[in-house]
Amino acid sequence: MNIAARLLQFIVFPGFLFTAAAGLFLCWLDRKITARIQYRIGPPWHQPLTDIVKLLGKETMIPAGASKATFLTAPLIGLAGVTLVSTLLGLTDFDPKVGFVGDIIVVLYLLTLPALSVILGGFSSNNPLASIGSSREMKLVLSYELPFILALLVPIIKSGGLLTIGGILNYQLAEGAILNSVSGSFALVAAILCVQAKLGLVPFDLAEAETEIVGGALIEYSGPPLAVFKLTKAMLLFTLPLFLTILFLGGIILNGTAILWGVLKLAALLVVIVLIRNTNPRLRIDQALRFFWGPVTILAILGVILALFGY
Amino acid sequence: MDLKKRALTKSLWAFHMSTASCNNCDIEILDCLTPRHDIERFGIVLIGSIRHADVLLVTGVVNRNCRDIVKKLYDQAPKPCLVVAVGTCPAGRGIFHNSYNVVEAEPLDKIIPVDAYIPGCPPKPEAIIDGIVKLIDKCSKSR
């Protein structure tokens with residue numbers, strides 16, 4: 001395949017532009033559902049896009065004493081990570097043969113880049129509240145990565161030790177979704193909770209915590225860099241449910257009415273995430289750590305053991 | 001109307017600054033976000049950090065302690081940033097006009113440029129929404 005086609009895949013479909021559009025739409029869905037739960041009307045469909053365009057047109061302020069280069073490049077690291085992941089996942093979903101051995105591990109690593117960019121940005125902005133936010137984000141990453149990896153082990157074991165996303169997809173096409181097994185459903189519950197923390201949504205939004213540390217790591221960001229952070233978050237809102245759909249629910253099959261069924265699976269995952277976000281209070285960082293290393297890890301380990309015994 | 005201004009008027013993020021107010025105006029501002037009025041329909045949300053703000057809502061009379069803070073806060077806001085004086089106090093110092101702690105010569109618009117005044121003690125949520133509509137009209141016509 002020539003380089004131009006590759007670039008087109010990264011920039012237009014299924015990479016940056018497509019994921020950004022889908023992510024902004026899901027971002028609106030999130031805000032709209034939240035509003036309806038609170039008996040409000042909610043914003044119009046173009047609201048997340050308008051926010052991004054507005055932020056792009058505003059002034060960029062660099063706080064005094066901040067490390068300028070790190071402060072400005074930090075948001076781009078996260079955006080690059082989520083773009084790579086979405087391209088890889090989208091291509092694999094089209095054609096399971098595209099992937100390479102170990103691509104699930106690569107995706108796992110790339111998915112930590114957005115969290116890393118928030119940590120870098122917060123620490124480089126020379127603000128005590130941003131530092132608190134960054135240190136919380138760091139502890140949160142340490143707490144959710146363990147159960148997330150354990151949960152991802154279940155589809156790998158079930159599909160016979162395949163370390164490719166395409167292999168897991170093929171296995172599900174032949175044998176039915178991983179969710180249909182006991183171990184798969186345990187792992188999916190653990191994985192949804194980890195995704196909630198990866199997205200920084202409410203029970204685990206302590207890195208941003210608008211009401212106590214006023215935006216946390218993002219407190220000093222304004223204008224275009226803030227827009228990049230918001231866009232990264234919106235893209236993650238599409239990419240992470242897609243990742244779970246591919247691993248546990250059999251992916252989105254691009255074939256006639258099966259597309260609709262695939263989109264429904266994605267939407268159902270998103271609604272679960274939004275409902276968790278709207279019905280829970282924020283946890284403290286020690287509570288979040290205890291929650292992830294306690295119940296969620298135990299659930300994921302149970303899933304792994306059951307998967308090893310073939311349930 | 002160009003894209004930049006259009007996007008700005010459709011997505012105003014408000015930062016709420018209370019300069020020694022009696023909290024009545026603050027409660028009326030929060031009323032605008034409740035299900036009855038729900039100004040998120042127009043893209044208006046309250047945000048916590050001044051760096052994210054498009055609108056600076058100032059409530060309360062600006063006294064000696066707050067004067068420098070208001071000035072500093074306005075300088076920290078990324079431009080374009082609109083300023084709205086909510087209530088009678090920041091507009092004309094209200095019932096505190098002859099208080100010992102109020103700087104005689106300096107109502108809010110002598111310290112920072114004010115784009116809209118919403119009078120009332122406190123203004124009703126409807127009045128605040130009306131003020132924001134006028135602010136948006138002014139913003140989209142000017143410049």
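**Architecture and contacts of chains A and B**

In the complex, 25 residues of chain A are in contact with 17 residues of chain B. On the side of chain B that touches chain A, these residues comprise seven charged, five polar and five nonpolar ones. The description given here, like the contacts above, rests on a predicted model.

Chain A contains 13 helices and zero strands. Its radius of gyration is 19 Å, close to the 19 Å that the globule rule gives for 311 residues, so chain A is as compact as a globular protein of that length. The C-alpha trace of chain A spans about 55 × 45 × 40 Å along its principal axes. Buried residues account for 50% of the 311 residues in chain A. Among the contacts in chain A with a separation of 6 or more, 80% are made by residues 24 or more positions apart.

Chain B combines six helices with five strands. Read from the N terminus, the order of elements in chain B is α-β-α-β-β-α-β-α-α-β-α. For chain B, the radius of gyration is 15 Å, close to the 15 Å expected from the globule rule for 143 residues, so chain B is as compact as a globular protein of that length. Its C-alpha trace extends over about 45 × 30 × 25 Å along the principal axes. Of the 143 residues in chain B, 41% are buried. Where contacts in chain B join residues at least 6 apart in sequence, 81% of them link residues at least 24 apart.

The strands of chain B form an open sheet of five strands in the order β2-β1-β3-β4-β5, with parallel pairing. The edges of this sheet are occupied by β2 (45–46) and β5 (116–118) of chain B; each has a single partner strand, so one side of each is left without a neighbour in the sheet. Strand β5(B) runs parallel to β4(B), and three bridges join the two. Within this pairing, B:Ala116 of β5(B) is the bridge partner of B:Val84.

Helix α2 of chain B, formed by residues 24–31, has B:Cys25, B:Glu28 and B:Ile29 among its residues, and these three are buried. They lie on the same side of α2(B) because they cover an arc of only 105 degrees around the axis. The exposed residues B:Ile27 and B:Leu30 are carried on the face of α2(B) turned away from its buried side. Packing of the buried residues of α2(B) involves strands β1 (13–18), β3 (55–59) and β4 (82–86), together with helix α6 (125–141), of chain B.

Nonpolar cores were then examined. The largest nonpolar core has 90 residues, of which A:Ala151, A:Ala190, A:Ala191 and A:Cys194 touch the most other members. Helix α11 of chain A (residues 224–248) makes the greatest contribution to this core, with 17 residues. When residues up to four places away in sequence are not counted, A:Ala191 touches A:Phe148, A:Ala151 and A:Leu244. A second core, separate from the largest one, has 35 residues, including B:Leu12, B:Cys32, B:Val83 and B:Ile132. In soluble globular proteins, nonpolar side chains tend to be buried together.

Methods
Residues are numbered from 1 along each chain as its sequence is written. Chains are lettered from A and ligands numbered from 1 in the order in which they are written. This is a predicted model: local features need pLDDT of at least 70, side-chain atom pairs count only at pLDDT 80 or more; totals for chains, interfaces and linings use all residues. A residue is buried if 20 or more other C-beta atoms lie within 10 Å of its own, exposed if 12 or fewer, and partly exposed in between; C-beta atoms are placed from the backbone. Helices (H or I, at least four residues) and strands (E, at least two) are DSSP runs, numbered from the N terminus. The arc is that of the directions from the helix axis to the C-beta atoms. Two residues are in contact if their C-beta atoms, placed from the backbone, lie within 7 Å. Ala, Val, Leu, Ile, Met, Phe, Trp, Tyr, Cys and Pro count as nonpolar, Asp, Glu, Lys and Arg as charged, and the others, Gly among them, as polar. The radius of gyration is taken over C-alpha atoms; the globule rule is 2.2 Å times the number of residues to the power 0.38. A nonpolar core is a set of buried Ala, Val, Leu, Ile, Met, Phe, Trp, Tyr and Cys residues joined through C-beta atoms within 7 Å. Two strands pair if DSSP finds at least two bridges between them.
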